[in-house]
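I open this notebook to record what I looked up in one model, beginning with a single residue and widening out from there.

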Amino acid sequence: MLAFLVALYIINYVDRQILSVLLEPIKQDLGASDTQMGLLTGLAFALFYTVAAIPIARLADGGVRRDVIVVGVAVWSVMTAACGFARNFVELALARVGVGIGEATLNPAAHSLLSDYFPPEKRATALALYNVGGNLGIMVGFMLGGYVGEAFGWRNAFLIVGLPGLLAAVATRFVLVEPPRGGQEGLSVEADLATTREVMHFMLRQRTFRHLALASALYAFAAYGFTVWGSTFLIRVHHMTLSETGVAMGLVQGIGGGLGTYAGGRMSDALSRRDERFAVWVAAVGGALSLPFLALFLLWPERTGALLGYAVAMVFSVFFVGPSYGLAQSLARVRMRAQAAALLLFAINLIGLGIAPLVVGLLNDALAARFGEEAIRYSLMVTGATSLWAVVHSLFAARSVRADLAEVRRAAGQGAR
């Protein structure tokens, strides 16, 4: 089941990420500005992705999670293919909105399923492995998008990656198994499905979850700026071709990001058995260690050294993923888990995926008169520096995590079978 969900997440990220490597040809073809492209890759997608995820997550908490995923895979695949038919910026933006709404189905439902496939002491690793699918999807999206975009044009690239997803939707219906809720922990399932307002009140009253959400969003803000604009940086500053950029960014994001995501989850599970605060300490260490290597990527004068710096930075910058998602599931009640994941993803994707690419685009346009093609170097410095802010919130979360987890367990134990 985990392997199949990883495969779905690879498809999800290929369809989402392919736009990043195609920014330059799309910009030239549609006559768009960097600000518009930042809006297209970020807020136009993320706003609808995050908002739609909350009511969709409630459907997953109350219904069959597998069926929610089936519909979502079909929708995002069709809308990805539709991007290839866009005649102008507005039509492309509307297609991206459709992709965002479809993709909003997967993560909340998958996180909830994984919390019932795996016990708490293995949950961060399982969720980290699931999120490695995102890194692999980024790698495939960059490499395939760069090659196909250069050989056949950006429009055909969207068609080639979008339409096969319909087969994945059919496979999902017959492969995914719906496990009993709460079975891994022997917990009873609440009789009534909580409203979105009740879930928000329950989760946000926990000091740990508030700081966890803010820290995760800021780690993502730093990471997504580079994920979306990194290929453009290499093209403009290091004068790499589209296919060269696709291969380089794909390998860095896929291998470096995958190793870091798995390592963060694995370390969190291993160390949290001794002290539950490691669930947030691991993220803090990764965020702090990523900064000097991001600076190396931006300031190194030659492409090979820059890419090596980025590869190391990528490992550390995603340490937060598995521990954060795993902790959010442990802080939630059984029939709140999809919605708890949606709330965390709301913060991560709205601030990280939605705002970071737009901020880089705005800074690029604002600094272009002074720095020209080099403006992107300084724009990315701004987004990368937010990792320090994120570390502060992780340390605050560490101060309350043990008490909040104990309170959730006490409350759930009252209704345990």
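**Entry 1: the loop histidines.** I began with H238, which, once its neighbours within four places in sequence are left aside, is in contact (heavy atoms within 4.5 Å) with F233, W300, P301, E302, R303 and A306. H238 is found in the loop between α12 and α13, where helices are DSSP runs of H or I of at least four residues, strands are E runs of at least two, and both are numbered from the N terminus. I then asked whether H238 is buried or exposed. H238 counts as buried because its relative accessibility is 8%, the term buried meaning under 20% relative accessible area, exposed over 50%, and partly exposed in between, with a 1.4 Å probe and protein chains only.

H239 lies in that loop too, between α12 (207-237) and α13 (242-272), but H239 counts as exposed, since its relative accessibility is 61%. I also noted the backbone of H239, where phi is near 55 degrees, a positive value in a residue other than glycine.

**Entry 2: what kind of model this is.** Before going further I wrote down that this is a predicted model, in which local features need pLDDT of at least 70 and side-chain atom pairs count only at pLDDT 80 or more, while totals for chains, interfaces and linings use all residues. Residues are numbered from 1 along each chain as its sequence is written, and side-chain values use heavy atoms, with hydrogens and water left out.

I looked up the confidence next: the mean pLDDT (the predictor's confidence in each residue, from 0 to 100) of the protein chain is 88, and 96% of its residues reach 70 or more. By element, confidence is lowest in helix α3 (residues 34-41), at a mean of 78, and highest in helix α19 (residues 386-398), at 96. I kept a general caution beside this, that predicted coordinates should not be read in detail where pLDDT is low.

**Entry 3: the chain as a whole.** I found 20 helices and 0 strands in the protein chain. The radius of gyration, taken over C-alpha atoms, is 20 Å, close to the 22 Å that the globule rule (2.2 Å times the number of residues to the power 0.38) gives for 417 residues, so the chain is as compact as a globular protein of that length. Along the principal axes, the C-alpha atoms fill a box of roughly 65 × 45 × 30 Å.

Of the 417 residues, 60% count as buried, and among contacts with a separation of 6 or more, residues 24 or more positions apart account for 85%.

**Entry 4: helix α12.** What does R236 touch, leaving aside its neighbours within four places in sequence? R236, whose place is in helix α12, is in contact with E24, K27, D34, W229, N364 and E373. R236 is buried, with a relative accessible area of 11%, and its C-alpha is 8.4 Å from that of I376, although the two are 140 residues apart in sequence.

V228 is also placed in helix α12 and is buried, at a relative accessible area of 2%. With the neighbours within four places again left aside, V228 is in contact with S20, L23, T41 and P357. From V228 to G352 the C-alpha distance is 11 Å, across 124 residues of sequence.

**Entry 5: helix α16.** Helix α16 (residues 321-330) is mostly covered, 9 of its 10 residues being buried, including V321, Y325 and Q329. I followed S324 in this helix, which is buried with a relative accessible area of 3%. Not counting residues up to four places away in sequence, S324 touches L212, S216 and L344; with L212 the C-alpha separation is 6.8 Å, over 112 residues of sequence.

**Entry 6: two further serines.** S387, in helix α19, counts as buried at 4% relative accessibility. Residues up to four places away aside, S387 touches Y219, A222, G287, S290 and L291.

S115 is found in helix α7 (residues 106-117) and is buried, with a relative accessible area of 1%. S115 and P179 lie 64 residues apart in sequence and 9.8 Å apart in space, C-alpha to C-alpha.
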